[in-house]
Amino acid sequence: MTFSPLELLEWRQGREATAAYSLADSGCRPIRLRDLIDDEQTLRRLLDSELSYPPTCGTDQLRARIAHWHTGSTDHAPQVIVTVGAAEANTITVDTLVRPGDHLVAMSPGYRQVWGAARNLGADVEEVPLDPERGWRPDIDALARAVRPGTRAIVVTTPNNPAGTVLTEEEIRAIVSVADRAGAWILTDEVHRGTELHTDELSPTFWGHYDRVVCVGSLSKAFGMQGLRLGWLIAPPALLPQLRQRHEYTTISAAGTAMTLAELALAPPTCARLLNRYRGFLRESWTHMRQWIDSHDHLLSVVPPQATSLAFVRYHLDLPSTEVADALLAHGKVLVSPGAHFGTEHHLRFTYGQEPTHLAAALEKTSYALKELSA
Ligand SMILES: Cc1ncc(COP(=O)(O)O)c(C=O)c1O
């Protein structure tokens, strides 16, 4: 079996160093430590903390705060495993659930970590295309046709990376009903929850809708804490021992200091402050991004995202997306992500939620590079 790398990240190797502007990272505008540690007492607590092994699945306080984030209550805290980023949570979930020959169904475009990890284990991952003409909304009938008795899992990302769509409660219930008919698991990556553009309501979660669901989350996006490498999963009790055993092999635990900082970030007043901060950035930057796309209306179009710092932009050139992305790098020194790495050609993913002057300079260079390319 050949091993496929996570193309999205692999492609950046070597290219990142040559870019003057990166609009390729899906987490943007990180916070500083001082945004979290804003009083003497907290600072002293951190300086005095021992760098000992933390509890494998995370501190009780952190698990309770994560449970509250996903479920609105702390009752499910024992079902939380704190991981090194959502990346680890996705990996150990695939490792736990997927065996060679299993059939999984994923939506495309999508973040392809679970897709690739399952294929690397010898699974057959069928993709159900999302259609920009339908606003990238899922086609439940197409999903139902793809899922069959014995399908191991349906793979979902909401809010979607790269399309920025948010599944509604109704769509969630419809997907659950398709999974239930087949006895399939749902692996739901909800890492971009909290990045809503038009509402202060958190995006709906699959948690609580179905008993065979593993929910993945992280502090990497809405909290601006991607460097902390702090993520989690919540799963039904029966699956937890297997997930924990894989977690023990992989990392033993996330870092203790990261857990302490995560507890601070998820404490109610700080959590609300950080979400407001990030959503404020996104709302401001989206206006600029949208104007820029509209100013190239012969060449570019977009289904506006409902959440995420991502714009999945269609270009109207008959060229593969890796070629267009390479041309933007060569002529404009701007790094963006090719749509091919999300399973959808003729698109580029821009991380628009950047600081406005950085974004404006990057987009100006992109305009220049696109002009060169389409001349
Ligand atoms: C949908 C999705 N899942 C998982 C990850 C990985 O997140 P983390 O930084 O928490 O490992 C990303 C990062 O871009 C993502 O967009």
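Biologist: What makes the pair formed by the ligand and the side chain of Asp189 a polar contact?

Modeller: In this predicted model, a nitrogen atom of the ligand is 2.5 Å from an N or O atom in the side chain of Asp189. A polar contact requires a pair of N or O atoms within 3.5 Å, so the pair qualifies.

Biologist: How do you know that Lys221 and Ala87 also make polar contacts with the ligand?

Modeller: The same limit of 3.5 Å is applied. A polar side-chain atom of Lys221 lies 2.7 Å from an oxygen atom of the ligand. For Ala87 the atom is a backbone N or O, 3.0 Å from an oxygen atom of the ligand. Both distances are within the limit, therefore both pairs count.

Biologist: How much of the ligand is covered by the protein?

Modeller: On its own, the ligand has 400 Å² of accessible area, and the protein covers 93% of that area. The space taken by the ligand is the largest pocket.

Biologist: Which residues come nearest to the ligand, and what makes a residue count as near?

Modeller: A residue is near if one of its heavy atoms lies within 4 Å of the molecule. There are 15 residues around the ligand, and Asn161, Asp189, Ser218, Ser220 and Lys221 come nearest. Helix H5, residues 85-97, gives the most to this shell, with four residues.

Biologist: How do the residues of the shell divide by type?

Modeller: Eight are polar, four are nonpolar and three are charged.

Biologist: Why is the protein chain called as compact as a globular protein of its length?

Modeller: The chain has 13 helices and 13 strands. Its radius of gyration is 20 Å, and the globule rule gives 21 Å for 375 residues; the two values are close, so the chain is as compact as a globular protein of that length. Along its principal axes, the C-alpha trace spans about 60 × 55 × 40 Å.

Biologist: Which peptide bonds are cis, and where do their prolines lie?

Modeller: One cis bond joins Thr158 and Pro159, with omega about -10°. Another runs from Asn161 to Pro162, with omega near 20°. Pro159 is in the loop between strand S5 (153-157) and helix H8 (169-182), and Pro162 lies in the loop between S5 and H8 as well.

Biologist: What is notable about the phi of Ile252?

Modeller: Ile252 has a positive phi of about 70°, although it is not a glycine. Ile252 is placed in the loop between helix H9 (240-250) and helix H10 (256-266).

Note on methods. Residues are numbered from 1 along each chain as its sequence is written. This is a predicted model: local features need pLDDT of at least 70, side-chain atom pairs count only at pLDDT 80 or more; totals for chains, interfaces and linings use all residues. Side-chain values use heavy atoms; hydrogens and water are left out. A polar contact is a pair of N or O atoms within 3.5 Å; within protein, one must be able to donate a hydrogen and the other to accept it, and residues adjacent in sequence count only if both atoms are side-chain atoms. Accessible areas come from the Shrake-Rupley method with a 1.4 Å probe; for residues, only the protein chains shown count as cover. On a 1 Å grid over the protein atoms alone, a cavity is a set of points where a 1.4 Å probe fits but cannot get out, and a pocket is an open set with protein on both sides within 12 Å along at least five of seven lines; lining residues have an atom within 4 Å of a point. A molecule sits in a cavity or pocket if more than half of its atoms lie within 2 Å of its grid points. Helices (H or I, at least four residues) and strands (E, at least two) are DSSP runs, numbered from the N terminus. Ala, Val, Leu, Ile, Met, Phe, Trp, Tyr, Cys and Pro count as nonpolar, Asp, Glu, Lys and Arg as charged, and the others, Gly among them, as polar. The radius of gyration is taken over C-alpha atoms; the globule rule is 2.2 Å times the number of residues to the power 0.38.
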